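Here is a short report on how the parts of this model fit together. Have the sequence and the structure open as you read.

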Amino acid sequence: MSELAIEGITIEDTFAEAFGMRATRLIVTAASRAWVRHAASSVTGFATSVIACGCEAGVERELAPRETPDGRPGVSILIFAMSAKELQKQIERRAGQCVLTCPTTAAYGGIPAEAAREWLALGSRLRYFGDGYQISKLIDGTRYWRIPVMDGEFVCEEKVGLVKSIGGGNFLILARDPPAALAAAERAVAAMRRVHGIILPFPGGVVRSGSKVGSKYKALLASTNDAYCPTLVGLTRSKLPRDVGAVLEIVIDGLDADSIRLGMRDGIQAACARGREAGVLAISAGNYGGKLGPHHFHLKEVLA
Amino acid sequence: MKPLTFRLKSRPPCRIDASPLVPAALAGKSRDELARLRLLGWNESYPAGELFAISGEDSTQVVLEGLDGSLVRVGAGLDGGELTVVGHAGDYTGESMRRGTLVIRGSAGDYLGAGMRGGTLTVSGNVGTFAGSGRGGELYGMAGGCIVVRGSAGDRAGDRMRRGLLLIEGNVGSYCAARMVAGSAVVLGSVGTHPGYLMRRGTLLLADREVELLPTFNDNGRHRLLAVRLLLASVAQHGSGFRRFARCVEFARWLGDLGCEGMGEVLIAQ
């Protein structure tokens, strides 16, 4: 079988291994784009990995006023967790502490009713902050809660839809040195931000601390992926080709497999766009031999 | 297929309960069966064929023509499909309707949409008292759906209203939204005395700046409320008058009736 390459960069014959998650989409609006961004960065803060954050969250895309329920600037936020129960806990905390508190904001559900597998309580929990002065309003079949706050009212949809989703789609950029890896990762992230239905939950969309399952220390569920650490090539069973001096990973959570495939394809193509001369030597993907998750994204299929 | 049409031949000898003349009850019936359908009067029943000239076939769209107010409970319990009334629909029109569309090209009597649970009820003319309320003795009034009155409504519109949307393009009489529990009512014309009397919760939106509220309502300032914007965007779908009203951005917010729970909201466009 011939080896796949883009612009002289080797695409390894491997796959990204992903697992099932539960997700919801929140639409947050505010009086101005600046306050939408304040709320969004707060809601999606400390939400890089379910390993320690409880959920993975990110901005799917910014919304123009014509796309939001109240005609104001908005943002679409995707939140992923391992169970409906954990997702319920996370959205309640995050909307309560990061959206309700943020001036001029409002929060709505972004999963269409026909797609929702079940419902998570949002306004129906947050309403208690109103201390009896809250008002519900049923408009065109959707129930909203109006909670009096110091700048007027916080408006919040009563419930948001939950969908089955996929977390842990990924690919690895193997580069000659850290600047080359970072530049390629930034190109990939910029391309992937244009794909709907996915988020890149790590800082700037990029991870440097790819992990393997387990550790020599019993307390840890995950530890550094030593096979991809360039400083350990002579010590461990390294999977790095010669000349690789830095590896960066891009992790993708998506509402469905097709969105993840599209994101991976666009990201890999953008990372490879400047060719081997820019320092990118190979593209790989993280997997655990098929033991962790049922969703396998083979790089060759993604790029086909 | 043409809509199934019942044209009233002449004024009946007494008030007739027209509630069987709804799409679900007429579906699958032959012309003979329709003609034999018994409609209750004061103390006897009448075959529909005696009262109406029947034409058309499509029972999902039923038309009642030439009504003069002698039929009561027109469209009562409507549970889907489309019912059109031409003329004066009598009392209890659309009572307890749950789904579907009831269009009245004309006027309606008292208790329009009493105890309504869903669907859309539109009246091109005026309606009597207790529109969107509940029957006497019922704890609650309208509890869902949407009533649109292009003309004016009498006293007690929205009495004991519990949920849903009551839209009145013209004027309303006294005691509008009295004893309201929840839901939203909008009045574009003038408002009689005692609006919101003993209302516990719910929202009454008024265009009439001259309205005289009860002393048991207190002023909570002028606001530009997002929830009102969402509500008005929905209200605007119901015609040009409501579209113009939906352009209002600032409302004076009065809360009452402090004679009871006091969480009712009267919003007056500024």
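How many residues of domain 1 of chain B are in contact with domain 2 of chain B? The count is 14, and they meet 16 residues of domain 2 of chain B. Keep in mind that this is a predicted model.

**Two domains in chain B**

The domain assignment splits chain B into domain 1 (1-66) and domain 2 (73-269). Their C-alpha centres lie 30 Å apart. On the domain 1 side that touches domain 2, helix H1 (23-26) and strand S6 (58-68) of chain B each supply at least two residues. S6(B) gives the largest share of that side, 7 residues.

**Chain B against chain A**

Chain B also touches chain A. Here 10 residues of chain B are in contact with 12 residues of chain A. Helix H4 (residues 226-235) of chain B gives the most to the chain B side, with 6 residues. H4(B) is also mostly covered, with 7 of its 10 residues buried. The buried residues are Leu226(B), Ala227(B), Val228(B), Leu230(B), Leu231(B), Leu232(B) and Val235(B).

**A helix pair in chain A**

In chain A, helix H1 (residues 33-43) and helix H2 (residues 84-99) cross at roughly 140 degrees, and their axes come within 9 Å. The crossing of H1(A) and H2(A) is right-handed. H1(A) brings Ala39(A), Ser42(A) and Val43(A) to the contact. H2(A) answers with Arg94(A), Cys98(A) and Val99(A).

**Contacts by residue class**

The table sets out the make-up of these contacts.

| Contact | Nonpolar | Polar | Charged |
|---|---|---|---|
| Side of domain 1 of chain B that touches domain 2 of chain B | 7 residues | 4 residues | 3 residues |
| Side of chain B that touches chain A | 5 residues | 3 residues | 2 residues |
| H1(A) with H2(A) | 4 residues | 1 residue | 1 residue |

**The nonpolar core**

Which residues have the most contacts inside the largest nonpolar core? They are Val28(A), Ile79(A), Ile173(A), Ala175(A), Ile283(A), Ile147(B) and Ile168(B). This core has 170 residues.

Take Ile283(A) as one case. Leave aside its neighbours within four places in sequence. Ile283(A) is then in contact with Ile9(A), Ile11(A), Glu12(A), Phe171(A), Leu172(A), Ile173(A), Ile268(A), Ala271(A), Cys272(A) and Leu299(A). Ile173(A), one of these partners, is also listed among the residues with the most contacts inside the core.

Notes:
Residues are numbered from 1 along each chain as its sequence is written. Chains are lettered from A and ligands numbered from 1 in the order in which they are written. This is a predicted model: local features need pLDDT of at least 70, side-chain atom pairs count only at pLDDT 80 or more; totals for chains, interfaces and linings use all residues. Domain bounds come from an automatic or database domain assignment. Two residues are in contact if their C-beta atoms, placed from the backbone, lie within 7 Å. Helices (H or I, at least four residues) and strands (E, at least two) are DSSP runs, numbered from the N terminus. Ala, Val, Leu, Ile, Met, Phe, Trp, Tyr, Cys and Pro count as nonpolar, Asp, Glu, Lys and Arg as charged, and the others, Gly among them, as polar. A nonpolar core is a set of buried Ala, Val, Leu, Ile, Met, Phe, Trp, Tyr and Cys residues joined through C-beta atoms within 7 Å. A residue is buried if 20 or more other C-beta atoms lie within 10 Å of its own, exposed if 12 or fewer, and partly exposed in between; C-beta atoms are placed from the backbone. Axes are lines fitted to C-alpha atoms, for helices over the stretch in contact, and angles run from 0 to 180 degrees between N-to-C directions. A crossing is left-handed if the near helix is turned anticlockwise from the far one by less than a right angle, and right-handed if clockwise.
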